Amino acid sequence: KQTSGELLRLLIQKADVPKEGDALNNQINSLVQALISAKSSFSPTTCIDGPLFASIHFIGNTPLWEKISAGAVRNIKGQKYTLDDNSFTNYAEIWGRHLHLKAVGKFSEIGPVQPVVDENNPFSSITSLFANKQSSLLPTPYDYEARVTGASISLWNKFTLNLTIEGTGTVRVLYADENLRIFLSPTDTNVTKGAGEWESEGLIVVQVRVGLVYDDWVDNL
């Protein structure tokens, strides 16, 4: 909790002053790696399901959703997952709320990347999997498949242009709690129709519950 709390504090600081510099980014990267290494479990109902989580920090090649944003205004980017219907929304502002891109789709569970094996107990992987089945908590890293089925660009929330975009990708949960989560794209986004790669292999994205960083956010997704 202490590590995640300190990371949350720094991410809120970065969201307030996006160009604060390498020193802050290095601190964030160090805490991100510490949380990933801990391989803690998470509850999908409290850590995945819910409102938009804003993407505040990334490690790796600059994703498309970051490239399209104009630097002169505040641009919120993030994702919203809904467990009731297994739907998700990718949201990226290009010129504030006045011009934004939204991609929607469905997600499904793939499962844990690999069971934890205790070399001194050859049955540990079996008992670990059984325990996870009995618990509402899931181990990390844990994979979901995300399939984009459509997208749109909205201008002033009055004019909407639908885009023909389809593709699939893997979302790997490396860490998640009620306030922040760390996702990895283990492979390039496989775009089957329209647009370029949304994210590339190896990208790590750190997201924060939107209300903690942008108190004026109104959820119309």
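Two exercises with worked solutions follow, on strand 8 and on isoleucine 12.

This is a predicted model, in which local features need pLDDT of at least 70 and side-chain atom pairs count only at pLDDT 80 or more, while totals for chains, interfaces and linings use all residues. Residues are numbered from 1 along each chain as its sequence is written, and side-chain values use heavy atoms, with hydrogens and water left out.

**Exercise 1.** Determine which strands join strand 8, and whether the faces of strand 8 are covered or not.

Solution. Begin with the range: strand 8 covers residues 180-185, where strands (E, at least two residues) are DSSP runs numbered from the N terminus, as are helices (H or I, at least four). Next, look for partners, since two strands pair if DSSP finds at least two bridges between them. Strand 7 (residues 166-176) is antiparallel to strand 8 and joined to it by four bridges, with a hairpin of three residues linking the two, and valine 173 has phenylalanine 183 as its bridge partner. Strand 10 (residues 203-209) also runs antiparallel to strand 8, through six bridges, and here serine 185 stands opposite leucine 203. Finally, consider the faces: Leu180, Ile182 and Leu184 on one side are buried, as are Arg181, Phe183 and Ser185 on the other, buried meaning under 20% relative accessible area, exposed over 50%, and partly exposed in between (1.4 Å probe, protein chains only).

**Exercise 2.** Decide how isoleucine 12 is placed and what it is in contact with.

Solution. Isoleucine 12 first has to be located, and it belongs to helix 1 (residues 2-16). Its relative accessible area is 32%, so isoleucine 12 counts as partly exposed. Beyond neighbours within four places in sequence, isoleucine 12 is in contact (heavy atoms within 4.5 Å) with Leu212 and Val213.
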